[in-house]
Amino acid sequence: MIPTVELGIQPKVTGFFDQSSNTISYVVQEPAGRACAIVDPVMEFDQAAGRLTYESADQIIAFVQENDLKLDWIIETHVHADHLSGAPYIQERIGGKIGIGRHVITVQDTFGKIFNEGTEFQRDGSQFDALFQDGDTYCVGAMQCRALHTPGHTPACMVHVMGDAGFVGDTLFMPDGGSARADFPGGDAGELYDSIQKVLSLPGETRLFMCHDYGPGGRAIAWETTVAEQKKHNVHVGGGKTREEFIKFRTERDAQLVVPKLILPSLQVNMRGGEVPEDQDGNMVLKVPVNKL
Ligand SMILES: [Fe+2]
């Protein structure tokens, strides 16, 4: 079995910041070769107009093509609730397999009920090309990668380790941002703490790449840090904060947070692997269930 983190293997990581959702998507290139993975691509949605656009995904596609890369995987760290996935749009144009955590079936079951989906909505994860379990490995060219199950923010969250780089999704924010909320259906602050400890148990030099950054206190947007930095300075879990302290803090903070602007469209699309649901005539349509969340 390969170690979880291979510090000697250093993929080239390029971040793409989507201003509309404060999401960072990544292209991760194997160190010697043309293979790459894309992590958490975005599709823009203007909710007032009901209009989809693809600026961010087009930028990533152009990068892959200009650098003559071969796309092996499109990785979703979890079912995002704040932006729509650009994975199918990218796959249609430049290939790659779409992978997510196996527990997406729990998310599909929960939100299948909330959105009162019919039987045509499969709750078995079949919309994705691969469903990862904790510790599963896959390859980007010659670089072996590993998926770690890190529930808490959502039940299906995974951290993906590629060489010396970890893509943490919403398990952690930058040290001055702390951690993501744990109050969505299926979320759990205690589980999130345990998952964060799992990430912090990786070697200190492991590079960590965030899925979101909001530039707290007006600092410039940033997305890369290390395990050692998080351990020392993370404002929610650093400096040896206990599980109990974290649960109390996280629960009180979450009670004050507003619902993400795009949660309703995001969940309907992302639980389908990024496909927009259609009515019986093939028109793309989204529901607004009232008083259900
Ligand atoms: Fe999230």
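Here is a quick tour of this structure, from its annotated domain to its sheets, helices and a few unusual loop residues.

Keep in mind that this is a predicted model. According to UniProt, in an unreviewed entry, residues 22-212 carry the annotation "domain: Metallo-beta-lactamase". That span is 23% helix and 30% strand, and its end C-alpha atoms lie 6 Å apart.

**The start of the domain: Asn22 and Thr23**

- Asn22 sits in the loop that links β1 and β2.
- The backbone does something unusual there: Asn22 is not a glycine, yet it has a positive phi of about 55°.
- Asn22 counts as partly exposed because it has 16 C-beta neighbours inside 10 Å.
- Thr23 belongs to strand β2, which covers residues 23-29.
- Thr23 has 22 C-beta neighbours inside 10 Å, so it counts as buried.
- Leaving aside residues up to four places away in sequence, Thr23 touches Asp18, Asp40, Val42, His83, Cys211 and His212.
- Lys97 is 74 residues from Thr23 along the chain, and the C-alpha atoms of the two are separated by 21 Å.

**Asp40, one of the contacts of Thr23**

- Asp40 is among the residues that Thr23 touches, and you'll find it in the loop between β3 and β4.
- Asp40 is another residue other than glycine with a positive phi, in this case near 55°.
- Asp40 counts as buried because 27 C-beta neighbours lie inside 10 Å.

**The three-stranded sheet**

- Three strands make an open sheet in the order β5-β4-β7, and the pairing is antiparallel.
- At the edges are β5 (51-53) and β7 (84-85), each of which pairs on one side only.
- As general background, the strands of a sheet pair through backbone hydrogen bonds, in either a parallel or an antiparallel way.
- Three bridges hold β4 and β5 together in the antiparallel sense.
- Two of the partnerships to look for are Glu44 with Thr53 of β5 and Asp46 with Arg51 of β5.
- β4 and β5 form a hairpin with four residues between them, and Gly50 in the turn has a positive phi of about 60°.
- On the β7 side, β4 and β7 run antiparallel and are joined by two bridges.
- Val42 stands opposite Ser85 of β7, and Val42 is also one of the residues touched by Thr23.

**Helix α1**

- Helix α1 takes in residues 55-66; at 1.5 Å a residue its twelve residues should span 16 Å, and the end C-alpha atoms are indeed 16 Å apart.
- The helix lies across β4 and β5, and it runs at about 155° to β4.
- Which residues of α1 are buried? They are Ser56, Ala57, Ile60 and Val64.
- These buried residues cover an arc of only 100° around the axis, so they are on the same side of α1.
- The cover over that buried side includes β1 (12-18), β2, β3 (35-39), β4 (42-46), β6 (70-75) and α2 (87-94).
- On the face turned away from the buried side, α1 carries the exposed residues Ala62, Gln65 and Glu66.
- Just after the helix, Asp68 takes a positive phi of about 55°.

**Strand β8 and its partners**

- Strand β8 (residues 97-101) is mostly covered, with four of its five residues buried.
- β8 pairs with β6 in the parallel sense over three bridges, and Ile98 of β8 is the bridge partner of Ile74.
- β8 also runs parallel to strand β9 (residues 130-132), with three bridges joining the two.
- In that pairing, Gly99 stands opposite Ala130 of β9.

**Helix α3**

- In α3 (residues 104-114), the buried residues are Val104, Val107, Gln108 and Phe111.
- Looking down the axis of α3, you'd see its buried residues fall within an arc of 100°, so they line one face of the helix.
- What do the buried residues of α3 pack against? They pack against β8, β9 and α7 (263-270).
- Asn116, just after α3, takes a positive phi of about 45°.

Technical notes: Residues numbered from 1 in each chain as written. Predicted model: local features only at pLDDT ≥ 70, side-chain atom pairs only at ≥ 80, totals over all residues. Buried ≥ 20, exposed ≤ 12 C-beta atoms within 10 Å, placed from the backbone. Contact = placed C-beta atoms within 7 Å. Expected span 1.5 Å × (residues − 1). Arc of directions from axis to C-beta. Pairing = 2+ DSSP bridges. Axes fitted to C-alpha atoms, helices over the stretch in contact; angles between N-to-C directions. UniProt positions renumbered as here; feature names shortened; annotations may be inferred.
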